[in-house]
Amino acid sequence: MQLSAFVDRLDETLGTADYADLDASANGLQVGPDEGTVEHVAFAVDGVEETFERAIAADADALVVHHGISWGGFDRVTGRTYDRLAPLIEHDLALYVSHLPLDGHQELGNAAGVADALDLENRTPFGELGPEFIGQRGTASEPYTPAELRSRLDTELDTEDNPVRLLEFGPDEIDEIAIVTGSGTDWLDEAIEAGADALVTGEGKQQVYHEAREAGIHVALAGHYATETFGVRAIQERVEGWETELETTYFDVPTGL
């Protein structure tokens, strides 16, 4: 498959252009030739030295990640930036990135994956960012107790040896759940206004403890990495369903954070 066709198909699927003015990440093809072919595609959450090395060792032609290497462009290609770019160029490994588009996609996105894991119904977009959304909210098919919500997240998410932390400040029965994966506590006020009983995200900030306590809402901190494996895995499954003969590989490189 031509690399340009591969990129165009992913861009269209994920609505990459819709987030062009909203995301610090340069979404789409971050590193790659104008012309090239793709036979083997690797997938990972982070575009870092370890995933680059694994993709190269697997003889992949392209690596699709959620977190790329360009956040507002490069001032200089030196030091750590050079060290990361060099193996991609030396081994003709294309790097495709989908940050906020993959957070906000209502079918393939990270939040949608967490919502699937929690068996949420009546889902709607959540996590407003300009004209777009980066999360999802919905109603539990059966109400959760705080302990059940924590247990479900611990079971369904690969949190390694880091159990989900739940700030238990909400009601005894949790019906309405809002989700913004990664670092999503900035959307706590939106969750409160939406009538959510709990906000599920990856990592927290100091002030969220008191804000959640004062508002009477639960906040689940399930790990940045653990909440953001869903999107790249969903893209991998979508690519495997294309009428092509692309080989795919997923690399799990958890951070515990």
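In this predicted model, the chain carries 14 positive and 53 negative charges, and the mean positions of the two sets lie 5 Å apart. The accessible surface amounts to about 12200 Å². Carbon and sulfur atoms account for 42% of that area.

The fold contains 10 helices and 11 strands. The radius of gyration is 19 Å, close to the 18 Å that the globule rule gives for 257 residues, so the chain is as compact as a globular protein of that length. The C-alpha trace spans about 55 × 40 × 35 Å along its principal axes. Of the 257 residues, 50% count as buried. Contacts often link distant parts of the sequence: among those between residues at least 6 apart, 65% join residues at least 24 apart.

The domain assignment divides the chain in two. Domain 1 is made of two stretches, 3-99 and 229-250. Domain 2 covers 103-227. The centres of the two domains, taken over C-alpha atoms, are separated by 27 Å. Domain 1 gives 16 residues to the contact between them, and domain 2 gives 21.

Helix α10 comprises residues 230-240. Its buried residues are Gly231, Val232, Ala234, Ile235, Gln236 and Val239. An α-helix has 3.6 residues a turn, so residues three or four places apart point the same way. Several elements cover the buried residues of α10. Among them are the helices α1 (3-14), α4 (100-104) and α5 (110-117). The cover also includes the strands β2 (40-46), β3 (62-67) and β11.

Ser25 sits in the loop between α1 and β1 (28-31). Its relative accessible area is 6%, under the 20% cut-off, so Ser25 is buried. Setting aside residues up to four places away in sequence, Ser25 touches Gln30, Ser70, Trp71, Val97 and His99.

Leu120 belongs to strand β5, which runs over residues 120-129. Leu120 also counts as buried, at 4% relative accessibility. Beyond the neighbours within four places in sequence, Leu120 is in contact with Ala115, Gly138, Thr139, Ala140, Ile177 and Ile179. Ala115 lies in helix α5, which spans 110-117. Leu88 is 32 residues from Leu120 along the chain, and their C-alpha atoms are 40 Å apart.

Thr159 is found in the loop between α6 (146-156) and β7 (165-167). With 9% relative accessibility, Thr159 is another buried residue. Its contacts, not counting residues up to four places away in sequence, are with Asp154, Val164, Ala222 and Ala226. Asp154 falls within helix α6 (146-156).

Asp252 lies in the segment after β11 (247-250). Its relative accessible area is 30%. That value falls between the 20% and 50% cut-offs, so Asp252 is partly exposed. Leaving out its neighbours within four places in sequence, Asp252 is in contact with Arg54, Asp158 and Tyr225. Asp252 and Asp197 are 55 residues apart along the chain, and 32 Å separate their C-alpha atoms.

Notes: Residues are numbered from 1 along each chain as its sequence is written. This is a predicted model: local features need pLDDT of at least 70, side-chain atom pairs count only at pLDDT 80 or more; totals for chains, interfaces and linings use all residues. Side-chain values use heavy atoms; hydrogens and water are left out. Helices (H or I, at least four residues) and strands (E, at least two) are DSSP runs, numbered from the N terminus. The radius of gyration is taken over C-alpha atoms; the globule rule is 2.2 Å times the number of residues to the power 0.38. Buried means under 20% relative accessible area, exposed over 50%, partly exposed in between (1.4 Å probe, protein chains only). Contact means heavy atoms within 4.5 Å. Accessible areas come from the Shrake-Rupley method with a 1.4 Å probe; for residues, only the protein chains shown count as cover. Lys and Arg count as positive and Asp and Glu as negative; His and the chain ends are not counted. The place of a charge is taken as NZ of Lys, CZ of Arg, CG of Asp or CD of Glu. Domain bounds come from an automatic or database domain assignment.
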